[in-house]
Amino acid sequence: MDRLTCTIKEKEETIHFNLGLILSMTWIPPVVQKILLQIPQDSTLDHEYIGELGIVEFTKTAMELVIGKNNQAFLDNRAGGIHTIGGTGAVWIGAEFLHRWYRTNHSTPVSLYFSGTLGCIFQVAGFADICSYHYWDPIKLSVDIDMFVTELQNAPEGSIIFLHAPEEIGLKPSEWRRVASMMKRRHLFPFFNVAAQGLASGDLDRDAWAVRLFVNKGFELFCAQSFSKTFGLYDERVGNLIVVTTDNQTLIRIHSQIARLITVTWFGPTSLGARVITMVLNSPAHFYECLQALVKRIMLIREKLKEKLRILGTPGSWEHLTRQSGVHSFIGLNSSQVEFLEKHKHIYLLANGQINICSINSKNLGYIAQSIHEAILVTTCQNPSYLCITAHQEPEKSSVDLSDSP
């Protein structure tokens, strides 16, 4: 992500529009807009500092959203939440705690396995042995559960496994059970990052299924929550870190240590976004309707991109675009094709070919599809004459960022 940011800044003079930051097309549910107008009129609210662990009603509501109101861990008072500065803040404070306090039965440093763009947070927190795992087969253009489970099997016992956006990975329930079984056997510590709950299926409970499976199987775990994409509250920076332990006393000790870390970092979280989210989730009917409408729109974008590529005659199958769900998608491009888009078309995406679907709209859909088409033709040498022409052309004076912000 840092590479993309630096590259775009270096070429600012060529940028006419930038669609990579989802801020450029922020969706705010009407019910959220309504509550944002109501809160300033509430005379019972003040602007006093909030405690280190945040607004209790918010953390309770946010936690219930992921693990469920009637989950046994919640009823046993061994699951708790920490109100953070955005989802990234939840990841960071969790990483900082684990680096200081998490220990395994062997003397070697704890290994961290991640997939996505947030590995740098763990590096800053002090982790030295950071590895990436893979669950997406770029050749078959589908999830490879056997590869994923094998990598978990080969991870050192006690390793931390950072599971980013479990709602979007695309594993079936039976495959998640295989993952949980292997992690249990290898004593691996799950650190979930739920970045867009509800935007994969339109069902908040369904998108939280994987996390609930692990909680129900007795795992101790961390789960970072972000509310930016789901509620459109990007500038409010609202996050939550869920901590699930085996007993209440362990939870109390972890809360105490994390409260100390927060005191010397951001001191306390902000209140407005958390109050909005709490009020929305206490009366969720209209919000669910808006959420399902957005999910349909995301799937429509996938359908339209696939159809554009089909009409252009772009080599390969593009069915994988609509087999995936959620905000992000592996588009099926290799590193040379990603490089071509960046250099010649000023279209920026992650090196593994993953894009933010919400960066595509009616204004840039045609340009993006045509650029993908050309990238594949050029890099597969199916049209050598085009390659010669393109090599001498000046880059287009526009820019599209299909990556995502944390």
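Visitor: How do the residues of the lining of the second largest pocket divide into nonpolar, polar and charged?
Guide: In this predicted model, local features need pLDDT of at least 70, side-chain atom pairs count only at pLDDT 80 or more, and totals for chains, interfaces and linings use all residues. Residues are numbered from 1 along each chain as its sequence is written, and side-chain values use heavy atoms, with hydrogens and water left out. Ala, Val, Leu, Ile, Met, Phe, Trp, Tyr, Cys and Pro count as nonpolar, Asp, Glu, Lys and Arg as charged, and the others, Gly among them, as polar. The lining accordingly divides into 13 nonpolar, nine polar and five charged.

Visitor: What is the volume of the second largest pocket?
Guide: On a 1 Å grid over the protein atoms alone, a pocket is an open set of points with protein on both sides within 12 Å along at least five of seven lines, and lining residues have an atom within 4 Å of a point. Grid points are joined across faces, edges and corners, and the volume is the space filled by probe spheres set on them. For the second largest pocket, this gives about 600 Å³. Of the 27 residues that line this pocket, the closest to its centre are Y102, R103, H187, F189 and E220. The volume asked for is thus about 600 Å³.

Visitor: Which element gives the most to the lining of the second largest pocket?
Guide: Helices (H or I, at least four residues) and strands (E, at least two) are DSSP runs, numbered from the N terminus. Those that supply at least two lining residues each are α5, α9, β7, β8 and α13. With four residues, the most is given by α13.

Visitor: In β7, which residue is the bridge partner of I160?
Guide: Strand β6 has four of its five residues buried (under 20% relative accessible area, 1.4 Å probe, protein chains only). Two strands pair if DSSP finds at least two bridges between them, and β6 joins β2 in parallel by three bridges, with L112 opposite I160. β6 also pairs in the parallel sense with β7 over five bridges. There, the bridge partner of I160 is F189.

Visitor: How many disulfides does a search of the whole structure find?
Guide: A disulfide is counted when two cysteine sulfur atoms lie within 2.5 Å. C358, at 7% relative accessibility, is buried, whereas C120 is partly exposed (from 20% to 50%) at 37%. For disulfides, the search finds zero.

Terms used
1 Å grid on protein atoms, 1.4 Å probe; cavity = no way out; pocket = protein on both sides within 12 Å on 5 of 7 lines; lining within 4 Å.
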